[in-house]
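Here are some exercises to work through with the model open beside you. Try each task before you read its solution.

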Amino acid sequence: MRTAFITGITGQTGSYLAEHLLEDGWNVHGLVREADPRPEASAAPAPTLHEGDLMDSARLGELVESLEPEVVFNLGGLTSVAASWSAPIETEMVTARPVAVLLDACRRLSARNGRRVSFVQASSAEIFGQAEEVPQRESTPIRPLNPYGAAKAYGHHLVGVYRAAGLNASSCILFNHESPRRPETFVTRKITAGVARIHLGLESKLRLGNLDAVRDWGWAPDYARALALAAERPDDYVIATGVAHSVAEFVALAFAAVGITDWRSHVEQDPAFMRPSDAAIQLGDASRARDVLGWSPSMDLESVVSAMVAHDVALLEASDA
Ligand code: GDP
């Protein structure tokens, strides 16, 4: 049985990745912080969880050494661009440094046990910042705009360095990927949860920042599948839908999903949610992932929004019952 070790296993994409690998018959191990909520026990096979912190480099290295995984997936780290401005040092410690620790651990493990050890980094479209070209490809210049993007850029470069030195290492440049498991710190879930509350009469307004930002939003389980595929073919891969929409369009789709067409009367712009710098447009070209990995997204934005709104309405109705 093949063994995978996942950091960030309790997060949105990490949890989908764990489920995907378990279904595929993998033995899955994950890193969790003491305070992380544990997934509910289910009849299905479950991952083995190990307590530890991404900032504890020695612990991370020891886990790779003792678990001897075939693949290490690094999804851990702070995921919020906005929060990285208030915690730039922690961002470096949990989003950048563990990449070095894990790559080094993989290289040592492979040298010791003589087997191929693969590494897959969950990188981010934030490495491109105010991108020089649209759509963004693997060759687009890396020029981040915020501490989160800079930490991810370091990780992305280091994966390339270790790949050139012979490690089976891939970096997946993930564009925004959403699902009902997204926390409300992200605009998509904030919108769908807010729309559900407005629909049920619990709230009247949704307060948002920049409505003009354009993003390429996909369905998170599709992105988890891409990470699993990338373990087989070491390279850099843009993972995106290739279709971009503005925040305003996302809002309109979410309100439309509950039958509200005059969405503007429910939305207020609040400067508190504007960012010091915000990429105007993120749009990815996932041709390489399609051609080399056979990957393609399964859902368009309308389906993603409907699934998220339906989930949030059902959640509120269940809590009211
Ligand atoms: P990110 O792309 O990883 O930062 O994902 P987010 O979902 O946090 O933000 C996506 C885009 O939505 C960015 O351009 C934000 O500036 C914009 N946005 C507009 N209003 C809001 C808001 O109220 N909250 C968040 N998180 N983002 C907002």
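**Exercise 1: the domains**

Task: State which residue ranges make up domain 1 and domain 2, and find how far apart the C-alpha centres of the two domains lie.

Solution. Keep in mind that this is a predicted model. Start with the split: domain 1 takes 3–178 + 219–239, and domain 2 takes 187–214 + 244–282 + 300–320. Next, get the C-alpha centre of each domain; the two centres are 28 Å apart. Finally, look at who takes part in the contact: domain 1 supplies 14 residues and domain 2 supplies 12 residues.

**Exercise 2: the ligand**

Task: Work out where the ligand lies with respect to the two domains, and why.

Solution. Begin with the shell, which has 16 residues, with V187, K190, G209, R275 and D278 coming nearest to the ligand. Sort the shell by residue class and you get 7 nonpolar, 4 polar and 5 charged. Now ask which domains those residues belong to: domain 1 and domain 2 both contribute to the shell, so the ligand lies between them.

Task: Which atoms of N176, T185 and V187 come up against the ligand, and at what distances?

Solution. Take the residues one at a time.

- N176 uses its side chain: a polar atom there is 3.0 Å from a ligand oxygen.
- T185 uses its backbone: an N or O atom lies 2.8 Å from a nitrogen atom of the ligand.
- V187 also brings in a polar backbone atom, 2.8 Å from a ligand oxygen.

Then check the cover: on its own the ligand would expose 530 Å², and the protein buries 94% of that.

**Exercise 3: the loop between β7 and α6**

Task: Decide whether S179 is buried or exposed, and list its side-chain polar contacts.

Solution. First place the residue: S179 is in the loop that runs from β7 (177–178) to α6 (187–199). Its relative accessible area is 0%, so S179 is buried. Follow the side chain next: S179 pairs with the side chain of Q12 at 2.8 Å, and with the side chain of Y16 at 3.3 Å. Leaving out neighbours within four places in sequence, the contacts of S179 are Q12, Y16, R189, W219, A220 and M308.

Task: Do the accessibility step for F186, and see what F186 touches.

Solution. F186 sits in the loop between β7 and α6. The cut-off for buried is under 20%, and F186 has 15% relative accessibility, so it counts as buried. Not counting residues up to four places away in sequence, F186 touches T79 and E178. For a jump along the chain, try A82: it is 104 residues from F186 in sequence, with 9.4 Å between the C-alpha atoms.

**Exercise 4: backbone oddities**

Task: Look at the V134 to P135 peptide bond and at phi of E68; what do you find?

Solution. A reminder of the background: most non-glycine residues have a negative phi, and most peptide bonds are trans. The bond from V134 to P135 is cis, with omega near 0°. P135 belongs to the loop between β5 (118–124) and α5 (147–164). Phi of E68 is near 50°, a positive value in a residue that isn't glycine. E68 is in the loop between α2 (57–67) and β4 (71–74). Its relative accessibility is 26%, so E68 counts as partly exposed.

**Exercise 5: I260 and N168**

Task: Find the C-alpha separation of I260 and E68, then describe the surroundings of I260.

Solution. I260 and E68 are 192 residues apart along the chain, and their C-alpha atoms are separated by 53 Å. I260 lies in the loop between α8 (247–257) and β13 (267–269). With 16% relative accessibility, I260 counts as buried. Once neighbours within four places in sequence are set aside, I260 is in contact with I198, F255 and H266.

Task: Which backbone atom does the side chain of N168 reach?

Solution. Locate N168 in strand β6 (residues 168–174). At 11% relative accessibility, N168 counts as buried. Its side chain reaches the backbone oxygen of A231 at 3.1 Å. Beyond neighbours within four places in sequence, N168 has contacts that include R116, V117, S118 and P234.

Notes:
Residues numbered from 1 in each chain as written. Predicted model: local features only at pLDDT ≥ 70, side-chain atom pairs only at ≥ 80, totals over all residues. Heavy atoms only, no water. Near = heavy atom within 4 Å. Polar contact = N/O pair within 3.5 Å; in protein donor to acceptor, adjacent residues only side chain to side chain. Areas by Shrake-Rupley, 256 points an atom, 1.4 Å probe, with all protein chains shown as cover. Nonpolar A, V, L, I, M, F, W, Y, C, P; charged D, E, K, R; others polar. Domains from an automatic or database assignment. Helix = DSSP H or I, 4+ residues; strand = E, 2+ residues; numbered from the N terminus. Buried < 20%, exposed > 50% of the residue type's maximum accessible area, 1.4 Å probe, protein only. Contact = heavy atoms within 4.5 Å.
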